[in-house]
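Visitor: I would like to go through this model one feature at a time. Please show it to me before we begin.

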Amino acid sequence: MIIKMPTVKLTSDNFNSEISKGTVLVDFWAEYCGPCRFMAPVLEKISDEHPEYRIGKVDTAEERELASSFDISAIPTLVLFKDGKEAARNVGAIPEEAVLELLGR
């Protein structure tokens with residue numbers, strides 16, 4: 001039986017605790033962003049099919065200070081954290097295969 005891991009909404013209140021352990025891919029996005037809407041089903045599919053990966057989402061329109069603290073200047077931006085430290089980053093929409101590559105598959 002496969003356990004689906006939903007994406008987690010990240011805010012300034014839960015961000016540090018959510019990324020502190022393990023590998024977490026964080027999607028910095030906004031509702032008004034077309035490329036971000038392209039990425040949403042890609043990330044949901046990866047979350048559904050690969051429960052070993054945790055995926056979090058930061059709405060940059062709601063969490064401006066959090067996005068600014070990571071120098072997010074364009075969206076979508078995917079940031080891979082390993083045990084709380086940034087390990088990789090990609091700016092712009094990318095296909096599923098490229099996301100999996102970013103995750104180290």
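Visitor: How many residues does α2 have, and what distance does α2 reach from its first C-alpha to its last?

Guide: This is a predicted model, and the values here are computed from it. At 1.5 Å a residue, the expected reach of α2 is 22 Å. The model comes close to that expectation: α2 has 16 residues and reaches 24 Å.

Visitor: Which residues of α2 are buried, and what covers them?

Guide: Buried here means under 20% relative accessible area. In α2 the buried residues are Cys36, Met39, Val42, Leu43, Ile46 and Ser47. Their cover includes β2 (23-29), β3 (54-59), β4 and α4.

Visitor: Which element supplies the largest share of the largest nonpolar core?

Guide: That core has 15 residues, and Leu25, Met39, Leu43, Ile46, Leu78, Val99 and Leu103 touch the most other members. At least two residues come from each of α2 (34-49), β4 and α4 (96-102). The largest share, 4 residues, is that of α2.

Visitor: How many residues are in the other core that lies apart from it?

Guide: Leu10, Phe15, Phe28 and Leu66 are among the members of this other core. In soluble globular proteins, nonpolar side chains tend to be buried together. The number of residues in this second core is 13.

Visitor: Which residues does Ile46 touch, leaving out those up to four places away in sequence?

Guide: Ile46 is one of the buried residues of α2. With residues up to four places away in sequence not counted, Ile46 touches Tyr53, Ile55, Glu96, Val99, Leu100 and Leu103.

Visitor: Which residues are joined by a disulfide, and at what S to S distance?

Guide: Searching the whole structure gives 1 disulfide. The angle about its S-S bond is 75°, and the link is right-handed. The cysteines are Cys33 and Cys36, with S to S at 2.5 Å.

Visitor: Why do Cys33 and Cys36 count as buried?

Guide: The cut-off for buried is under 20% relative accessible area. Cys33 is buried because its relative accessible area is 7%. Cys36 is buried because its value is 3%.

Visitor: What is the geometry of the aromatic pair of Phe15 and Phe81?

Guide: The count of aromatic pairs comes to 4. In this one, the ring centres are 5.7 Å apart and the planes are at 85°. The pair links distant parts of the chain, with Phe15 in helix α1 (residues 15-19) and Phe81 in strand β4, 66 residues apart. Its geometry is edge-to-face.

Visitor: Why is the pair of Phe70 and Phe81 edge-to-face?

Guide: Planes over 60 degrees apart count as edge-to-face. Phe70 lies in the loop between α3 and β4, and Phe81 is 11 residues apart from it in strand β4. The pair is edge-to-face because the planes are at 80°, with the centres 5.5 Å apart.

Visitor: Are Phe70 and Phe81 buried or exposed?

Guide: Ring pairs link Phe15, Phe28, Phe70 and Phe81 into a cluster. Phe70 has a relative accessible area of 18%, so Phe70 is buried. Phe81 is at 1%, so Phe81 also counts as buried.

Visitor: Which residue has its charged end over the ring of Trp29?

Guide: A charge counts as over a ring only within 6 Å of the ring centre. Here the distance to the centre of the Trp29 ring is 5.1 Å. The residue is Lys57.

Visitor: Which peptide bond is cis?

Guide: Most residues other than glycine have a negative phi, and most peptide bonds are trans. In this model an omega of about 0° marks a cis bond. Pro76, on one side of that bond, lies in the loop between α3 (64-69) and β4 (77-82). The bond is that of Ile75 and Pro76.

Visitor: What is the phi of Asp71, and what is that of Asp83?

Guide: Asp71 is in the loop between α3 and β4, while Asp83 is in the loop between β4 and β5 (85-91). Asp71 counts as exposed because its relative accessibility is 62%, and Asp83 because its value is 53%. Neither is a glycine, yet phi is positive: about 55° for Asp71 and near 50° for Asp83.

Visitor: How far apart in space are Ala88 and Leu78, C-alpha to C-alpha?

Guide: Ala88 is in strand β5. Apart from neighbours within four places in sequence, Ala88 is in contact with Leu78, Val79, Leu80 and Leu102. Ala88 and Leu78 are 10 residues apart in sequence, and their C-alpha to C-alpha distance is 8.3 Å.

Technical notes: Residues are numbered from 1 along each chain as its sequence is written. This is a predicted model: local features need pLDDT of at least 70, side-chain atom pairs count only at pLDDT 80 or more; totals for chains, interfaces and linings use all residues. Side-chain values use heavy atoms; hydrogens and water are left out. Buried means under 20% relative accessible area, exposed over 50%, partly exposed in between (1.4 Å probe, protein chains only). A disulfide is a pair of cysteine sulfur atoms within 2.5 Å. A nonpolar core is a set of buried Ala, Val, Leu, Ile, Met, Phe, Trp, Tyr and Cys residues joined through side-chain atoms within 4.5 Å. Contact means heavy atoms within 4.5 Å. The expected span of a helix is 1.5 Å times one less than its number of residues. Rings of Phe, Tyr and Trp (its six-membered ring) pair if their centres lie within 6.5 Å; planes under 30 degrees apart count as stacked, over 60 as edge-to-face and the rest as tilted. A charge sits over a ring if NZ of Lys or CZ of Arg is within 6 Å of the ring centre and within 35 degrees of the ring normal.
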